[in-house]
Amino acid sequence: MHENKIETNQSLWYPPGGILIWMIVLVEVLTFCLGIGSLVYDKSKDLTAFTDMQSHLNKSFAFWNTVFLLTSGFCIATAVHYKTKNNQKFFTILLLISIVFGFAFLFLKFYEFREKWLLGYGLETSQFFSYYWLLTGFHYLHVVVGVIILWIIYLSRKTISFDNLEAGAVFWHMCDLIWLLLYPALYLIQ
């Protein structure tokens, strides 16, 4: 049986999703790395205060949010694979699972934000919480945009170009990568 495959641009000079999405990823990752670098520098100047404030974070929530994002990233990567095989059923199922786990991240992170806010840990509470709110808040916005992109992919799942699908997946993986930098910097490393 002949299997129709989606044509992809396999040029060495043309990355998956196109050069523009990779330029966006580079700028965003560099921005977060600068923020994390600044956090680490300031933390080294006042380790006790930062460690004390860090102890107020919910490591369980952060762990489960890591699981949610990585599962979602795995699902979108596998969905792209099934799209290349013209398996619309598995592509759609995995795309929906990816969206659900993206929403799970947003829900749990919002709950954590609410908890911190109600306990009085705002942007002005300490230097650590300034970093916490700015870095995780900015990442949260990226995840919101990423879920919207995944939803647009779902709505156009039958007609979406492979380049646009890859670009959306690359953006989503950028959200994974940034969280994998934020998670240890804010929650684990003391």
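In this predicted model, the charged end of Arg157 is placed over the ring of Tyr154, at 4.1 Å from the centre of that ring. A comparable arrangement involves Lys89, which lies over the face of Phe90 at 5.9 Å from the ring centre.

Aromatic rings were also examined against one another, and a search of the whole structure finds 21 aromatic pairs. The rings of Tyr132 and Trp133 form one such pair, with centres 5.5 Å apart and planes at 80°; because planes over 60 degrees apart count as edge-to-face, this pair is assigned to that class. In general, a pair of aromatic rings is described by the distance of the centres and the angle of the planes. With regard to solvent, Tyr132 has a relative accessibility of 0% and therefore counts as buried, and Trp133, with a relative accessible area of 16%, is buried as well. Both residues belong to a cluster linked by ring pairs, which also takes in Phe50, Phe113, Trp117, Tyr121, Phe128, Phe129, Tyr131 and Tyr140.

Helix H1, which comprises residues 19-45, contains 27 residues and reaches 39 Å from its first C-alpha to its last, close to the 39 Å expected at 1.5 Å a residue. Along this helix, the buried residues are Ile21, Val25, Glu28, Val29, Phe32, Gly35, Ile36, Leu39, Asp42 and Lys43. An α-helix has 3.6 residues a turn, so residues three or four places apart point the same way. The buried residues of H1 pack against three helices, namely H2 (47-54), H5 (127-155) and H6 (162-188).

Key. Residues numbered from 1 in each chain as written. Predicted model: local features only at pLDDT ≥ 70, side-chain atom pairs only at ≥ 80, totals over all residues. Heavy atoms only, no water. Phe/Tyr/Trp six-rings, centres within 6.5 Å; stacked < 30°, edge-to-face > 60°. Buried < 20%, exposed > 50% of the residue type's maximum accessible area, 1.4 Å probe, protein only. Lys NZ or Arg CZ within 6 Å of the ring centre and 35° of its normal. Helix = DSSP H or I, 4+ residues; strand = E, 2+ residues; numbered from the N terminus. Expected span 1.5 Å × (residues − 1). Contact = heavy atoms within 4.5 Å.
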